[in-house]
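Here is a short set of exercises to work through with the model open in your viewer. Try each task before you read its solution.

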Amino acid sequence: MSETTPEHEIARFLRQLKWLAVVSAALWLVWLLGPILTPFVLGALLGWLGDPLVDRLERRGFSRNLAVAVVFGAMTLVLVLALLILVPLLERQVVTLIESAPTYRDWILQTALPWLEQKTGMDLVGWLDAGRVSEWVRTHWEQAGGVAAAVFGYVSRSGVAMLAWVANVVLLPILTFYFLRDWDMLVDRVASLVPRDHIATVTRLARESNDVLGAFLRGQFVVMIALGLIYAVGLSLVGLKLGLLIGVIAGLISFIPYLGATTGVVLAVVAALVQSQGFDVQLLVLVGVVFTVGQMLESYVLTPRIVGDKIGLHPMAVIFAIMAGGQLFGFVGMLLALPVAAVANVLLRFAKERYRESDLYTGEHAVIVLDSYVDPSSVEQAAVREPGAAP
């Protein structure tokens, strides 16, 4: 075994420094191009999700272009059907919400705020009084010019943002089609750039990451739809007028652990209190039953059977990843947060495996690593009693 020379150590350090510079430059580029990356990230995710179906059709004798056309058409058909079914229903729910807005306002001012005042001792109703608000506006009237300029700038930016949003909507299906068609070619080109002495390790990590991401993202998408249906149908059946809208909202944000159910419960309780104009115990209990059943189905049926435990991410890690991604890279960061966290978890498991095999962990001499349930003192006593054992 050849000894490691200082020159080798310096060369290794320089290679690591180069890789660190490449990763830093990539992150800086993502941060810089974040506003235009959204359709590309969504298109890449949709292309990656649909690629296994394209490959399966290819194995059955379809050409690549025909398989891509079939899968892309199926994805488009599902999206159109979902919009045709959901948009009219949600539109009616939004109309109901708008019509009920005065009722919600009166409930907040006449019921919720007085109750909070009684519990906290704060003068909330007086603070929100129309006269106080008018006085505050008159006092700060000299800032109206700055406020008007800010509002005008916001409207201008909103117009540009709307155009960008329309452009993203138009680009998304085009980019998704090209990602579906060229996904295998893109993977081969990336693999051809991997250093040959690391190809085995990179291939293994890439396969593990693909398995983890596939199990999580595809499964989590199904769980979101299932929970949205459970909450929407359940709340509608118990008589909540805004049950469909609240159920869809809770289902869509259920990919963040506990946030979907918590948000749904809060919205449903407020809607039930306003709808009943009082404390309707029966309606509140039925709302609680709906969310309890939904959470039990998610915890014991949907997530174990559909998602599984391959991702291995703690709920707090998922929440932190989404918040950190949004803080660093905006909406694109939130889209990439869970895939990056899943891949990072695979890399951390690999790093732990290499560490357990290194001299830094085992020391210079081979030792027996005991499991946590083995008492080391019992092993030492057995070694002392054994004839010829070292003291």
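**Exercise 1. Place Leu32 and describe its surroundings.**

Task: In which helix is Leu32 found, and how far is its C-alpha atom from that of Phe329?

Solution. Keep in mind that this is a predicted model.
- Step 1: Leu32 belongs to helix H1, which covers residues 6-59.
- Step 2: the relative accessibility of Leu32 is 43%, which lies between the 20% and 50% cut-offs, so Leu32 counts as partly exposed.
- Step 3: along the chain, Leu32 and Phe329 are 297 residues apart, and their C-alpha atoms are separated by 8.7 Å.

**Exercise 2. Classify Thr38.**

Task: Is Thr38 buried or exposed, and which residues does Thr38 touch beyond four places in sequence?

Solution.
- Step 1: Thr38 is another residue of helix H1.
- Step 2: its relative accessible area is 15%; buried means under 20%, so Thr38 is buried.
- Step 3: once residues up to four places away are set aside, Thr38 touches Phe331, Val332 and Leu335.

**Exercise 3. Analyse how H1 meets H7.**

Task: At roughly what angle do the axes of H1 and H7 cross, and which residues meet there?

Solution.
- Step 1: the two axes come within 11 Å and cross at roughly 100°.
- Step 2: angles from 65 to 115 degrees count as roughly perpendicular, so H1 is roughly perpendicular to H7.
- Step 3: on the H1 side, the residues are Leu45, Trp48, Leu49 and Pro52. On the H7 side, they are Asn210, Leu213, Gly214, Leu217 and Arg218.
- Step 4: sorting the residues of this contact by type gives six nonpolar, two polar and one charged.

**Exercise 4. Follow H7 and find the environment of Ser209.**

Task: What span is expected for H7 at 1.5 Å a residue, and is Ser209 buried or exposed?

Solution.
- Step 1: H7 runs over residues 199-237 and includes Ser209.
- Step 2: with 39 residues, H7 has an expected span of 57 Å, and the distance from its first C-alpha to its last is 56 Å, close to that value.
- Step 3: just after H7, Gly239 has a positive phi of about 100°.
- Step 4: Ser209 has 8% relative accessibility, so this residue counts as buried.
- Step 5: leaving out neighbours within four places in sequence, Ser209 is in contact with Val343 and Val346.

**Exercise 5. Check the length of H9.**

Task: What span should the 18 residues of H9 have at 1.5 Å a residue, and which residues of H9 are buried?

Solution.
- Step 1: H9 takes in residues 259-276.
- Step 2: the expected span is 26 Å, and the end C-alpha atoms are 26 Å apart, so the two values agree.
- Step 3: the buried residues of H9 are Gly260, Ala261, Gly264, Ala268, Ala271, Ala272, Leu273 and Val274.
- Step 4: Gln277 follows H9 and has a positive phi, near 55°.

**Exercise 6. Describe Phe72.**

Task: Where does Phe72 lie, and with which residues is Phe72 in contact beyond four places in sequence?

Solution.
- Step 1: Phe72 lies in helix H2, residues 64-99.
- Step 2: its relative accessible area is 22%, so Phe72 is partly exposed.
- Step 3: Phe72 and Gly50 are 22 residues apart along the chain, with 8.0 Å between their C-alpha atoms.
- Step 4: apart from neighbours within four places, Phe72 is in contact with Pro173, Thr176, Phe177 and Leu180.

**Exercise 7. Step back to the whole protein.**

Task: How many helices and strands are there in the protein, and what percentage of its residues count as buried?

Solution.
- Step 1: the protein has 13 helices and zero strands.
- Step 2: of its 391 residues, 25% count as buried.
- Step 3: among contacts between residues at least 6 apart in sequence, 69% join residues at least 24 apart.
- Step 4: the protein exposes about 27,000 Å², and carbon and sulfur atoms supply 70% of that area.

How values were computed:
Residues numbered from 1 in each chain as written. Predicted model: local features only at pLDDT ≥ 70, side-chain atom pairs only at ≥ 80, totals over all residues. Heavy atoms only, no water. Helix = DSSP H or I, 4+ residues; strand = E, 2+ residues; numbered from the N terminus. Buried < 20%, exposed > 50% of the residue type's maximum accessible area, 1.4 Å probe, protein only. Contact = heavy atoms within 4.5 Å. Axes fitted to C-alpha atoms, helices over the stretch in contact; angles between N-to-C directions. Parallel < 35°, antiparallel > 145°, perpendicular 65-115°, else oblique. Nonpolar A, V, L, I, M, F, W, Y, C, P; charged D, E, K, R; others polar. Areas by Shrake-Rupley, 256 points an atom, 1.4 Å probe, with all protein chains shown as cover. Expected span 1.5 Å × (residues − 1).
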